[in-house]
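Let's walk through this fold together, starting with the overall layout and then going element by element. Keep the 3D view open while you read.

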Amino acid sequence: MQRRIWPVWSYYVVAIVVFLIDFVSKKIVSHNIEQDNERISILGNFFILSHIRNRGAAFGMLQEQRLFFLVVTIAVVVGILWYLHRSYRTGSMLLMFALAMILGGAVGNFLDRALFGEVVDFLQFNFGSYTFPIFNLADSAICVGVALVILDSLLAMKRENKQNGNGEHPPEQQSV
């Protein structure tokens, strides 16, 4: 059975769609929800739309490190672009899709940081008295992409173990 390979541009389409959904969602939130004051309940107190500005990384870490994030994001984007082109014929579709999601999310947050020095976050989840750090759709795409990379790695290890007979390496042949 021959494996179907999507053209490399299809993964860029995935990245662009992720970027556009993130961009539009941030614009809608910025124009319709008052920053730091307004909260819109979606599922009681569990899921709330809010509007905050984050000058740091995920979960508010490393506040005011704009240049650091810009440089790291450029390196990550260049690395993903290089890897997509290098391995799109040999890599799994799951891995390529995951990288496209990470790429779209990274570019979405990069644009906000480059233009405004901060990122719009608006998805808030509460678990009793604990409030999970507020995030956006770019953050979600990055996290889902990373989870899919991990899943692809686990599946690849399982395939290798199956090919080698339950994880045992084939005995080495000795030369005489």
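A helix axis here is a line fitted to the C-alpha atoms over the stretch in contact, and angles run from 0 to 180 degrees between N-to-C directions. With that in hand, take the first helix pair: in this predicted model, the axes of α1 and α3 come within 8 Å and cross at roughly 40 degrees. That makes α1 oblique to α3, and the crossing of the two is right-handed. Sort the residues of this α1 and α3 contact by type and you get 16 nonpolar, four polar and four charged.

**The overall layout**

Stepping back, the protein chain has four helices and four strands. Going along the sequence, they come in the pattern α-β-β-α-α-β-β-α. The chain has 176 residues, and 35% of them count as buried. If you look at contacts between residues at least 6 apart in sequence, 63% of them join residues at least 24 apart.

**The other helix pair**

Now turn to α3 (residues 93–116) and α4 (residues 137–163), which pack at an angle of about 155 degrees with their axes 8 Å apart. So α3 is roughly antiparallel to α4. This crossing is left-handed. On the α3 side, the contact includes Leu94, Leu95, Phe97 and Met101, while α4 brings in residues including Ile142, Val146, Leu148 and Leu155. By type, the residues of this α3 and α4 contact come to 17 nonpolar, three polar and two charged.

Here are the two pairs in one place:

| Helix pair | Angle | Axes | Citation |
|---|---|---|---|
| α1 and α3 | roughly 40 degrees | within 8 Å | |
| α3 and α4 | about 155 degrees | 8 Å apart | |

**The sheet**

What is the order of the strands in the sheet? The four strands make an open sheet in the order β1-β2-β3-β4, with antiparallel pairing. β1 and β4 (130–131) stand at the edges with a single partner strand each, so one side of each has no neighbour in the sheet. α1 packs on this sheet, touching β2 and β3, and its direction makes about 85 degrees with that of β3.

Strand β1 (residues 40–43) pairs with β2 in the antiparallel sense over three bridges. If you want to find the register on screen, isoleucine 40 stands opposite leucine 49 in β2, and leucine 43 has phenylalanine 47 of β2 as its bridge partner. The two strands form a hairpin with three residues between them, and glycine 44 in the turn has a positive phi of about 55 degrees.

On to the next pairing: β2 and β3 (residues 119–127) are antiparallel over six bridges. One spot to click on is isoleucine 48, which stands opposite glutamine 124 in β3.

Is β2 largely enclosed or left open? Six of the eight residues of β2 (residues 47–54) are buried, so the strand is largely enclosed by the rest of the structure.

**A residue to look at in the loop**

Finally, have a look at aspartate 36, in the loop between α1 (8–32) and β1. Aspartate 36 has a positive phi of about 65 degrees, although it is not a glycine. Is aspartate 36 buried or partly exposed? Its relative accessibility is 46%, so aspartate 36 counts as partly exposed.

Notes
Residues numbered from 1 in each chain as written. Predicted model: local features only at pLDDT ≥ 70, side-chain atom pairs only at ≥ 80, totals over all residues. Heavy atoms only, no water. Buried < 20%, exposed > 50% of the residue type's maximum accessible area, 1.4 Å probe, protein only. Pairing = 2+ DSSP bridges. Contact = heavy atoms within 4.5 Å. Parallel < 35°, antiparallel > 145°, perpendicular 65-115°, else oblique. Left-handed = near helix turned anticlockwise from the far one by under 90°. Nonpolar A, V, L, I, M, F, W, Y, C, P; charged D, E, K, R; others polar.
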